[in-house]
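Take a moment with the model below. The paragraphs that follow walk through it piece by piece.

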Amino acid sequence: MMMMENIIDAHYFVLPSQGNVYSLTKLCMSNGANKILAASLRRKVFSFEYSGDSEGFLKATVKEVLFTYIPNGTEIISIDAFTRSQSSDDFVIGITIIKSSEHSTETYLNIYSEWEPSSEINLDSVSQNCLMIELNFIPYQLYHTQLCTNAEDESNKEVVWLLSGSDEKIHMFREDRANHTYSEVDVAEHFPELVDPPSIILWMDIYNFETQTRRVSAFGCECGFVKLAIVDVTKKEVLSSWSARFGGPVSTVRLFTEESQLKAPSFLNLHQKIRQEELPVHLLVSNTLQPSVVYMNVMEQGLRNCFPLPDSEHYDAALCSTIADVDMDGRNEIVLGTYGQEVLVYKYQQNESDKAGSWFLRSQRSFANPIHSILYLDVTGDGVKEFVILTLRGVHIMQHDPKDVSEVFDCRFKLLTDLQTSQET
């Protein structure tokens with residue numbers, strides 16, 4: 001079974017200064033390729049991608065992206081990115097910055113984009129088109145999510161920025177495309193579940209269902225407070241909400257399904273369709289002082305069905321997390337990154353005797369520096385996802401052992417072939 005012990009180093013690059021838990025983001029291209037943006041505190045942002053050379057071999061490329069309006073003495077706090085379109089690479093990149101002097105502290109949200117959509121992204125061009133929004137608080141997590149004003153009208157779906165701040169609020173920024181500008185709007189009007197937190201929100205996550213009629217939202221605070229809410233998107237009403245409080249700051253919250261939701265190949269002509277809301281949604285809460293936990297099936301159980309992650313508190317603070325099908329069995333695992341330089345992988349095991357189950361520590365991997373952020377996505381373009389791990393000193397790109405991938409491919413191909421044969425007969 002493939003786990004972190006079988007993950008091999010593909011590439012590594014050093015950052016000139018350290019980043020933080022908000023310093024890594026991805027650019028998911030319309031052609032299926034992916035790029036990475038990694039920010040360091042001292043103004044510099046680097047892009048990473050793989051591209052083919054003249055002989056057909058993959059070449060890793062690291063390039064500094066010179067974003068404008070990030071002056072000397074500025075520190076980058078957080079970075080995030082999204083695309084306005086699924087058919088073109090019309091990316092919007094957000095960077096929050098802080099500039100301190102002896103007498104004042106200035107903070108800004110810089111939003112970079114090309115005003116005219118193009119078929120492919122040009123980061124050098126995007127980085128020169130900046131809209132600066134002055135803030136009156138210290139920014140924390142920069143997050144984007146979909147805003148649906150009419151579930152039946154695709155044209156009314158847009159992506160908005162949500163930014164948590166030192167003023168113990170979440171601020172929402174929405175684009176005015178006609179005037180090429182962004183402005184802050186009342187978050188309570190569109191996201192009533194995100195108001196009045198008891199302290200600074202360190203992490204938020206929103207899970208939108210395909211029908212766009214409901215969503216699940218969660219956030220975790222510096223004081224250890226966690227809130228979960230189910231929202232009627234059409235009416236903008238909170239249907240149900242729950243809260244819990246932990247003994248230490250909550251570093252991340254993740255809403256996820258255990259099944260990886262891979263789609264069957266079209267040639268199989270399978271007509272069964274699993275709707276997204278029929279899959280149980282779980283909530284991961286990673287904690288800096290206490291064990292991290294998982295709340296199972298929150299749509300039905302709220303925060304009642306709690307499972308601790310064994311030994312998750314034994315490697316200093318859990319700083320980051322991601323959800324990944326590490327062993328490629330079609331079911332997601334939980335991946336935690338710790339300040340104690342460990343990556344921990346947890347898997348859910350169903351008991352045969354009853355319906356109960358538990359999460360257990362399946363695998364772990366040691367690094368030379370604290371782990372700040374983890375992404376799991378395909379950066380090589382071969383259809384297999386890789387780990388991108390931001391540490392205190394640099395960025396690791398780690399891939400599955402090709403021998404393991406080949407074995408999984410052969411097994412799945414045989415299953416698909418057998419299934420296709422049975423359908424034809």
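How many disulfides does a search of the whole structure find? The count is zero. Keep in mind that this is a predicted model. Two cysteines help to explain the result. C28 takes part in no disulfide, and the nearest cysteine sulfur, in C320, lies 18 Å away. Seen from the other side, the closest cysteine sulfur to that of C320 is in C28, and 18 Å is too far for a bond. A disulfide needs the two sulfur atoms within 2.5 Å. The two cysteines also have their own surroundings. C28 counts as partly exposed because its relative accessibility is 37%. C320 counts as buried because its relative accessibility is 4%.

C320 leads on to a neighbour. Among the residues that S373 touches is C320, along with V21, L24, V388, I389 and L390, leaving out residues up to four places away in sequence. S373 sits in strand β26, which covers residues 371-377. Is S373 buried or exposed? With a relative accessibility of 8%, S373 counts as buried.

V21, one of those contacts of S373, also appears in the lining of a pocket. This is the second largest pocket, and 15 residues line it. N20, V21, Y22, L202 and L319 are the ones nearest its centre. The space in this pocket comes to about 310 Å³. What classes of residue make up the lining? Nine are nonpolar and six are polar, while none is charged.

Strand β22, residues 318-324, holds T322. T322 has a relative accessible area of 10%, so this residue is buried. Beyond four places in sequence, its contacts are R254, E333, I334, V335, I374 and Y376. M296 stands 26 residues from T322 in sequence, and the two C-alpha atoms are 16 Å apart in space.

Now turn to the nonpolar cores. The largest has 22 residues. Which of them have the most contacts inside this core? They are L228, F246, L255, L283, V285 and Y295. Several strands feed the core with at least two residues each: β14 (201-208), β15 (214-221), β16 (225-232), β18 (250-257), β19 (281-287) and β20 (293-295). Another core lies apart from this one. That second core has 21 residues, including I70, A81, Y112 and L123.

Look at L255 as an example from the largest core. Setting aside neighbours within four places in sequence, L255 is in contact with D205, I206, Y207, V216, S217, A218, L228, V281, H282 and L283. Two of these partners, L228 and L283, are themselves on the list of residues with the most contacts in the core.

G302 also meets this region. Its contacts beyond four places in sequence are L228, W242, Y295 and N297. G302 lies in the loop between α3 (298-301) and β21 (306-308). Where does a loop glycine like this stand, buried or exposed? G302 counts as buried, because its relative accessibility is 0%. Between the C-alpha atoms of G302 and G73 there are 45 Å, with their positions 229 residues apart along the chain.

L123, named in the other core, is also a contact of S47. The remaining contacts of S47 beyond four places in sequence are I36, L37, T61, V62, K63 and V65. S47 belongs to strand β4, residues 45-52. A relative accessible area of 7% makes S47 buried.

Two loop residues deserve a look for their backbone. Y69 has a phi near 60°, a positive value in a residue other than glycine. Y69 sits in the loop between β5 (58-65) and β6 (74-83). Its relative accessibility is 52%, so Y69 counts as exposed. H180 has a positive phi too, near 55°, and is likewise a residue other than glycine. The loop that holds H180 runs between β12 (170-176) and β13 (181-185). H180 counts as partly exposed, at 37% relative accessibility.

Last comes a helix. D404 is found in α4, residues 402-424. D404 is buried, because its relative accessible area is 14% and buried means under 20%. R215 is 189 residues from D404 in sequence, and their C-alpha atoms are 37 Å apart in space.

Terms used:
Residues numbered from 1 in each chain as written. Predicted model: local features only at pLDDT ≥ 70, side-chain atom pairs only at ≥ 80, totals over all residues. Heavy atoms only, no water. 1 Å grid on protein atoms, 1.4 Å probe; cavity = no way out; pocket = protein on both sides within 12 Å on 5 of 7 lines; lining within 4 Å. Points joined across faces, edges and corners; volume = space filled by probe spheres on them. Nonpolar A, V, L, I, M, F, W, Y, C, P; charged D, E, K, R; others polar. Core = buried A, V, L, I, M, F, W, Y, C linked by side-chain atoms within 4.5 Å. Buried < 20%, exposed > 50% of the residue type's maximum accessible area, 1.4 Å probe, protein only. Helix = DSSP H or I, 4+ residues; strand = E, 2+ residues; numbered from the N terminus. Contact = heavy atoms within 4.5 Å.
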